[in-house]
Structure formats: structure tokens, C-alpha cells
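Trainee: I have just opened this entry and would like a guided tour. Could we go through it together?
Mentor: Certainly; please bring it up on the screen.

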Amino acid sequence: MKARILSVVSVGILLGLVAAGMLLLQTGQETPTGAPPIQLTDDPTFDDSRYRSKTFSLAIADLNCDRRDDVLIGAHNQDAVLLLNAGAGFTDQSGALPPTRLREDRHGYTVADFDNDGRLDIAIAGGGTDGVGAGWPNVLLRNTTEADALRFVGQPVGAEFALSPGRSRALIPLPSDDGRAVDLYYATLQRDGYDNRLLRNIGGTGEQPFKADPDHFLSRKINDSGRGALADLDGDGGRDYLLVENERVKIFWHRDGGASPTILTHAARTAVLADFDNDGMLDVFVGRMIRESQSDRITFAGNDMIFTLHKNAEFDDSEVSFSAKSEYLKFDLSQWVPASRAQRLASTAHIFMGRDRHHPGKRKFVLERADAEGQPGSTTAPGIYIWYLPADDTWHMRYVFPPRLNVFKGGVRGVGLEELARENFTTTAPSPVADQFFLNRGGGQFARLSLFDNAHSGITQGATVADFNNDGWLDVLGVRHAEQGDRNLPPFLLTNLGKQHGGGITFVESFLPERERDLLHRADQVAHGFFNHDDLPDAFVTNGFGQIPGANGVPRLLMNTTDAVGRSLLVTLRGASANRFGLGAAVSLYRGGDLLGYRVAGLNINLSQDTSWLHFGLGEGEGPYRLVVEWPDGERSEHEFAGAGRFEVVQGGVIVSDPSGTCGVQTAFLAAVC
């Protein structure tokens with residue numbers, strides 16, 4: 001496969017932007033043949049068909065304290081899926097979670113230890129029911145697991161946490177001011193009276209475990225998509241807020257105390273923080289999105305067809321004909337249309353079937369050939385017409401737009417669907433966009449690398465960052481989908497080749513294989529974790545974004561089978577005076593005087609969440625290694641490691657080698673005090 005390489009060079013153009021400067025850097029050239037290969041392979045033992053859902057969030061975390069990463073999938077109007085890592089595959093333990101009420105809206109699932117008992121709890125962001133409903137409360141589930149009995153219980157939270165009428169998207173964890181507890185940042189789409197706010201953890205298990213802080217500089221009106229991250233981006237010691245708002249990436253600077261934010265870029269869908277060039281400062285990867293083309297789109301794959309048709313004229317109609325081997329077809333025309341854009345469709349009065357133009361009882365229905373036989377005498381009234389012609393064994397659908405509706409959406413299922421012809425479809429190719437890196441140059445300045453050679457015509461919906469080949473440089477695994485009604489796009493890899501040319505870092509893009517069962521769905525979330533004991537990051541992908549068509553996809557479990565460059569050091573933290581999992585700690589790894597990597601514990605926790613293991617690929621070098629931990633309560637510690645392995649670093653100087661244990665059982669110390 002031919003790929004393209006993209007590298008940062010040492011010259012740029014200084015741009016005058018509000019609140020912080022930014023350097024613009026870009027270039028591209030052909031890939032060298034020696035690019036490190038990363039292999040992520042679908043696990044053939046994972047039965048993905050059991051977990052079809054309208055996903056909204058994804059978290060990778062050890063929920064039963066056995067040091068193996070588990071998977072938590074959150075979805076709209078459905079119970080969450082909890083997959084427990086049994087060491088030789090996953091078991092469905094969703095029953096350990098309290099069930100949701102019918103049609104209860106759910107967005108981000110945040111996993112963190114809110115009571116410092118060593119068990120990871122779950123905070124769930126409710127939502128505004130497609131932005132027009134009364135909304136659902138935020139929820140807090142306490143982890144009460146003991147030994148092998150996984151269990152979560154709902155905790156009363158009070159009105160300051162529940163915020164029922166709000167449109168919350170994520171509850172983003174951050175260390176308290178003294179570093180001893182974990183607070184939450186309420187990220188929400190705008191609704192009067194329910195702005196973004198800091199929720200301070202005041203401890204205990206009573207009815208008011210969190211209290212809103214109206215004076216915090218981030219307690220303010222933001223149209224927040226819930227894809228933000230809190231970290232120090234300019235070296236002043238305060239946590240800044242990087243977020244995506246109205247398709248723009250912004251930074252609210254802690255030092256400004258409420259001044260206008262920096263706008264990094266536009267046409268953005270997602271943003272993640274990581275140190276890509278190993279200089280000890282957090283950089284930004286931005287996944288960008290095309291503008292909606294308003295094209296009519298219909299896609300066939302196997303036994304399914306999906307469509308999204310837009311009204312492009314005062315009188316607009318379209319028609320498609322297709323064949324099917326089955327005697328009947330299943331239709332799903334229960335489309336979701338934002339109330340702000342058009343009238344909603346609830347009845348079946350505008351759906352006409354066969355020569356007699358009769359109506360189905362519901363918007364989801366089964367239609368046999370005999371009941372659809374014959375072309376209607378007239379198809380000029382607004383609606384959807386469906387008929388079957390036995391003479392040439394063809395099905396037909398004709399769409400005629402009513403005055404107040406601007407989109408038709410839906411799907412059809414049968415055996416062996418095959419498109420034959422389409423009429424009066426309006427198609428406009430979207431303008432490609434390029435994802436971007438912003439490399440931190442300190443003091444609020446960034447060097448921008450736009451991946452023009454790898455521009456795409458999709459929406460980069462999510463990304464996770466890890467060193468997938470253990471070469472010492474952080475890579476990006478991302479997911480994209482196309483416009484609704486188009487075929488899904490495959491996951492992509494941006495392999496970081498490091499500073500190979502004596503200048504800036506270099507990336508090469510490649511793609512994972514497509515799967516036919518994903519083609520009519522839309523990629524949503526991606527996160528990484530460690531699902532076996534080979535110390536290479538594995539990954540999990542969901543494919544159920546949004547409403548029909550394209551929702552209710554199946555996930556992918558991707559195991560890392562890379563022939564790695566070297567081994568790795570994996571570290572998990574245990575706070576003593578700091579919060580139990582060391583959330584917010586800054587961790588640096590050195591070989592001699594060379595910085596090998598910089599990580600922040602609990603970074604990029606929002607709609608997706610990666611493992612709490614801090615992973616450092618060691619490349620081909622040899623130890624010893626020095627790990628420096630700046631704990632969130634201000635304490636600083638240093639630890640020596642002879643080589644690769646898994647370790648728990650306990651605040652106060654203890655290192656546990658290859659830690660293991662269960663909830664409620666203290667892990668034995670297997671190594672001496674450093």
C-alpha cells in the first residue's frame with residue numbers, strides 16, 4: 001500500500017491570534033520503505049453481534065480491580081453494555097449495572113474513583129432528549145464490588161449534580177485544588193439556566209456528594225459537545241480547557257480568568273491531547289469534518305439499503321428501483337429529524353404502498369410482494385411511495401417532499417438487495433478536509449501541521465493516542481464516518497516515525513481493513529487498553545453513531561499483533577495523600593538525561609476514555625530508567641527501573657512489580673521501597 005508521510009519542519013509563519021500566538025508549519029513527501037508497521041487485528045473469538053447499539057460513549061477501565069481492562073459502552077435509550085475481561089475473552093456483566101428507564105437519555109459514561117476507596121465508580125451524563133425534551137438527570141453509580149462479586153449501586157446526588165433539565169454531554173474528571181479528591185466538570189450543550197460548571201467533590205456518600213462552584217472560571221455559558229480535556233497547556237501551573245464548540249477547537253486559558261479563548265481551528269469534530277514529540281509539553285490532534293453537502297445518498301450492502309435524501313428545490317422528488325431475492329422486505333422509516341430543522345414525522349399517513357396506496361400500521365413494518373403489487377396511479381402528493389412490479393421483479397421507492405420537511409431518512413432490509421437505477425438524485429461532492437496536529441512550543445504558541453496530503457471526505461469522529469509499536473513515539477488511531485446515508489469509513493492509523501530527519505516529527509497514514517457488516521453504520525468512538533498480557537495497546541471501536549440510518553452498529557475488538565520495536569514500561573499510580581488513582585499526575589520517563597515520554601494520568605476522559613495504565617514504549621534502548629511523578633497534591637517522587645514490565649507506583653516510594661488483586665483486597669507489595 002502506498003501511503004504519504006507528513007513531517008513538521010523548523011520554519012513557520014507567526015499568526016496573531018487572541019490570547020496566544022500560533023506557528024503554522026506544513027509539508028509532505030513520500031513515505032520511506034522502513035516505516036514501522038502496526039498490526040491491529042479483529043479478534044475472531046469476540047461475538048460483536050450481541051452488542052449492537054446506538055452508541056454515544058466508550059470507556060476502557062479495570063472495573064473489578066483484577067488489573068485487566070474491561071469495556072463499558074454507553075448508548076442512547078438503552079442499557080449500557082459492560083464487558084468484563086476474564087483473561088481469555090470477555091463476559092457480559094451488564095447486569096451488574098442498574099437498568100435505565102425506557103427511553104432514558106444517556107451520554108458520556110465517566111469512570112473514576114470518587115470516594116477514594118480503590119474502586120472505580122461511574123458518573124453518567126444525562127441529556128436533553130435530542131435537545132428538545134425535558135432532559136434526564138445525571139447519575140452516580142458507586143462501585144461496591146467485593147472480591148469477585150461485581151456490583152454497582154445508584155447514589156442519591158441532589159439537584160446540584162442531577163441537573164435534570166440540562167443537555168449534558170460529559171462529566172469530565174479533574175483533581176480537586178488540593179489534589180486529594182476527584183471533581184467533575186459538567187460539559188453541556190446550551191440551555192438557559194444550565195451552563196457548564198465545576199462540581200466540587202465534597203466527600204461522603206450522602207445525598208449531596210458534589211456541590212457546584214459558580215465562581216470557577218469555567219462555570220460559564222459554553223455550547224460544549226463534551227469532547228474537552230483539562231490540562232496545563234502553557235506551563236503556568238493552571239489547568240486550561242481545550243474543547244470543541246460549534247465545530248471550532250478552543251482553549252480557555254486559566255491565566256485569563258474568563259477572557260476570550262484562543263481559537264485553534266475550525267471544521268473540527270474531535271480533539272485529543274498528548275506529547276507527540278517527547279518534549280514534555282502537551283500537543284493537540286484535531287479530527288476535522290466536511291461540511292454537509294445536502295446530497296441525496298443511498299447505499300446498498302448485502303441485505304440492506306439505507307438512504308438520506310435532501311430537499312434541494314421547492315418541488316423535489318427522487319426514485320430508486322432495486323431487486324431482492326426475498327418475498328418480503330422490512331422497512332424502517334422512523335426517521336429522527338431535529339425539530340429545529342423540520343417537522344417531525346410520527347404518523348404513517350404519508351407512506352403509500354402498492355397500487356391501492358394503503359398505509360402501514362407503523363413506521364417500522366414488513367411488506368410482502370403481494371401487498372405492494374402494482375404502481376400507484378398517482379404519485380404527486382407528498383410522501384413515500386413503495387411498490388412491486390412482478391413483470392420485471394423490481395421494487396420501487398419514490399420520495400416526494402412535503403412543504404415543511406427537508407429530509408427523508410430510513411432503511412430497508414431483505415435478502416440479496418441490489419440497486420438497479422435511481423432518478424433525480426442531487427449529488428455534490430463535499431470539499432475534502434485535513435486533520436491537524438498542533439505542536440506545543442510553550443507559552444501558548446503552537447506549530448500547526450495540516451495533513452493536506454491525507455485530506456479526506458469524511459468526519460473524524462474520534463481518536464485515541466498510544467504507542468502501538470513500542471518505538472517510543474505516540475501514534476494516533478482514529479475513526480471516521482461519511483455523511484449519513486453513505487458507506488462507513490475504515491479506522492485509520494497515523495504512525496509516528498519520530499524525528500527521523502533531524503527536524504520535526506513525521507507521521508504516515510494507513511487504514512485498517514473494512515468489514516462488510518460495518519459499511520452501513522457510522523463509526524463513533526475508539527479507545528485503547530490492555531486486554532492481554534503482551535504489554536501492547538489493544539483497541540475497541542464502536543459503530544453506532546447517531547440515529548437511523550447508520551445507528552445500531554456492532555463494535556470491533558482490535559488486538560495488537562505488531563512485531564514491536566521493543567518492550568514497554570506500564571505504570572499505574574496509587575495515591576496516598578493524593579487521590580487514589582493519581583488522576584491529574586504528570587509523569588515523565590527518562591533514560592539518562594533524555595526524556596522518553598510525558599504522560600498525564602486521566603487525560604482525555606470525556607465521551608471516550610482510555611485505560612488508566614500509563615504506557616511508555618522503550619524502543620531499542622536499554623535501561624535503567626528514571627520515572628518522575630508530579631502528584632496532583634504537589635508532591636514529587638522519583639523511581640528507578642532496571643527494565644521493562646508492569647508496575648504500580650505507590651505515593652511514598654513503594655513500587656509493586658506486576659501488580660494483581662481484587663476489589664476490597666489490598667495488593668501485596670512485591671518490591672522494596674525505592
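Trainee: Among contacts between residues at least 6 apart in sequence, what share joins residues at least 24 apart?
Mentor: In this predicted model, that share is 59%.

Trainee: And what is the chain built from, in helices and strands?
Mentor: The secondary structure consists of two helices and 51 strands.

Trainee: How much of the chain is buried?
Mentor: Of the 674 residues in the chain, 61% are buried. The accessible surface comes to about 25200 Å², and carbon and sulfur atoms account for 49% of that surface.

Trainee: Let me pick one sheet, the one with E14. Which strands form it, and in what order?
Mentor: It is an open sheet of four strands in the order E14-E15-E16-E17, with antiparallel pairing. Its edges are strand E14 (167-175) and strand E17 (210-213), each of which pairs on one side only. On average, neighbouring strands in this sheet are turned by 30° against each other, direction ignored.

Trainee: How many bridges join E14 to E15?
Mentor: Eight bridges join E14 to strand E15, which covers residues 182-189, and the two run antiparallel. One residue to look at is Pro 175, whose bridge partner in E15 is Val 182.

Trainee: Changing topic: how many aromatic pairs are there?
Mentor: The count comes to 18 aromatic pairs. One of them is formed by Phe 285 and Phe 437, with ring centres 5.1 Å apart and planes at 55°, so this pair is tilted.

Trainee: Why does that pair tie together parts that are apart in sequence?
Mentor: Phe 285 belongs to strand E23 (residues 283-288) and Phe 437 to strand E34 (residues 436-442), so the pair links parts that are 152 residues apart in sequence.

Trainee: Are Phe 285 and Phe 437 buried or exposed?
Mentor: Both Phe 285 and Phe 437 are buried. They also belong to one aromatic cluster, together with Phe 276 and Phe 507.

Trainee: What about Tyr 399 and Phe 408?
Mentor: Tyr 399 and Phe 408 form a tilted pair, at 6.1 Å centre to centre and with 40° between the planes. Both of these residues are buried.

Trainee: Where does the charged end of Arg 422 sit?
Mentor: The charged end of Arg 422 sits over the ring of Phe 425, at 5.0 Å from the ring centre. Elsewhere, Arg 626 lies over the face of Tyr 590, 4.5 Å from the centre of that ring.

Trainee: Now the backbone. Is the peptide bond from Gly 623 to Pro 624 cis or trans?
Mentor: That bond is cis, with omega near 5°. Pro 624 is found in the loop between strand E47 (614-617) and strand E48 (625-630).

Trainee: What is phi of Asp 535?
Mentor: Asp 535 has a positive phi of about 65°, although it is not a glycine. Its place is the loop between strand E40 (526-529) and strand E41 (538-541).

Trainee: Why does Asp 535 count as buried?
Mentor: Asp 535 counts as buried because its relative accessibility is 7%, and the cut-off for buried is under 20%.

Trainee: And Asp 658, where does that lie?
Mentor: Asp 658 lies in the segment after strand E51 (654-657). Its phi is near 50°, a positive value in a residue other than glycine. With a relative accessible area of 40%, Asp 658 is partly exposed.

Technical notes. Residues numbered from 1 in each chain as written. Predicted model: local features only at pLDDT ≥ 70, side-chain atom pairs only at ≥ 80, totals over all residues. Heavy atoms only, no water. Pairing = 2+ DSSP bridges. Axes fitted to C-alpha atoms, helices over the stretch in contact; angles between N-to-C directions. Buried < 20%, exposed > 50% of the residue type's maximum accessible area, 1.4 Å probe, protein only. Contact = heavy atoms within 4.5 Å. Areas by Shrake-Rupley, 256 points an atom, 1.4 Å probe, with all protein chains shown as cover. Phe/Tyr/Trp six-rings, centres within 6.5 Å; stacked < 30°, edge-to-face > 60°. Lys NZ or Arg CZ within 6 Å of the ring centre and 35° of its normal.
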